[in-house]
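Work through the exercises below with the coordinates open. Each task is followed by a stepwise solution.

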Amino acid sequence: MEPQPQTKLITIIHFYYFKTLINSTVMNNKVKEVVNKLEELPKEERESFAAFVLEELESEERWSELFKKSGSVLTNLANEALTEYKSGKTKKLDQDKL
């Protein structure tokens, strides 16, 4: 799948942003190593890798948003489970019977 032009631009911006961070004392050695290895790859492979990383980061952001939105639902389920446990309505899990 060919990345969209705006994705390529974002990828390039991110790549050069990371490259400028290399000179920062905050940057750790592993990230420096990754960026240096990326520079050795052909442009097409760098863009493909960057697109993959961006997709993963966006996916993580989506999951975070979903969990934020479902916070009250999860809290209600947890409270319900605790109430059932305290009232003796739960059973100890037997892993051999799973």
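The exercises concern a predicted model and go from the overall fold to helix spans, burial and surface patches.

**Exercise 1. State the secondary structure content of the protein and its order along the sequence.**

Step 1. The protein has four helices and zero strands.
Step 2. Along the sequence, the pattern reads α-α-α-α.

**Exercise 2. What share of the residues is buried, and how much of the accessible surface belongs to carbon and sulfur atoms?**

Step 1. Of the 98 residues in the protein, 10% are buried.
Step 2. The accessible surface is about 8,900 Å².
Step 3. Carbon and sulfur atoms account for 58% of that surface.

**Exercise 3. Compare the end-to-end spans of H3 and H4 with the expected values.**

Step 1. The expected span is 1.5 Å times one less than the number of residues.
Step 2. H4 has 16 residues, so a span of 22 Å is expected. The C-alpha atoms at the ends of H4 are 22 Å apart, in agreement with that value.
Step 3. H3 has 27 residues, and the expected span is 39 Å. From its first C-alpha to its last, H3 reaches 39 Å, close to the expectation.
Step 4. After H4 comes Gly88, with a positive phi near 80°.

**Exercise 4. Which residues of H3 are buried?**

Step 1. The cut-off for buried is under 20% relative accessible area.
Step 2. In H3, Glu47, Ala50, Ala51 and Leu54 are buried.
Step 3. An α-helix has 3.6 residues a turn, so residues three or four places apart point the same way.

**Exercise 5. Describe the nonpolar surface patch, and classify Leu77 as buried, partly exposed or exposed.**

Step 1. The patch consists of Trp63, Leu66, Phe67, Val73, Leu74 and Leu77. Together they have about 620 Å² of accessible area.
Step 2. Helix H3 (43-69) and helix H4 (71-86) each contribute at least two residues to the patch.
Step 3. Leu77 lies in helix H4.
Step 4. The relative accessibility of Leu77 is 49%, so Leu77 counts as partly exposed.

**Exercise 6. Which residues form the negative surface patch, and how is Glu58 classified?**

Step 1. Glu55, Glu56, Glu58, Glu60 and Glu61 form the negative patch.
Step 2. Glu58 is in helix H3.
Step 3. Partly exposed residues fall between the cut-offs of 20% and 50%. Glu58 has 43% relative accessibility and therefore counts as partly exposed.

Technical notes:
Residues are numbered from 1 along each chain as its sequence is written. This is a predicted model: local features need pLDDT of at least 70, side-chain atom pairs count only at pLDDT 80 or more; totals for chains, interfaces and linings use all residues. Side-chain values use heavy atoms; hydrogens and water are left out. Buried means under 20% relative accessible area, exposed over 50%, partly exposed in between (1.4 Å probe, protein chains only). Accessible areas come from the Shrake-Rupley method with a 1.4 Å probe; for residues, only the protein chains shown count as cover. Patches are made of residues with over 30% relative accessible area and no salt bridge: like charges are joined within 9 Å, nonpolar side chains (Val, Leu, Ile, Met, Phe, Trp, Tyr) within 5 Å. A salt bridge is a side-chain nitrogen of Lys or Arg within 4 Å of a carboxyl oxygen of Asp or Glu. Lys and Arg count as positive and Asp and Glu as negative; His and the chain ends are not counted. The place of a charge is taken as NZ of Lys, CZ of Arg, CG of Asp or CD of Glu.
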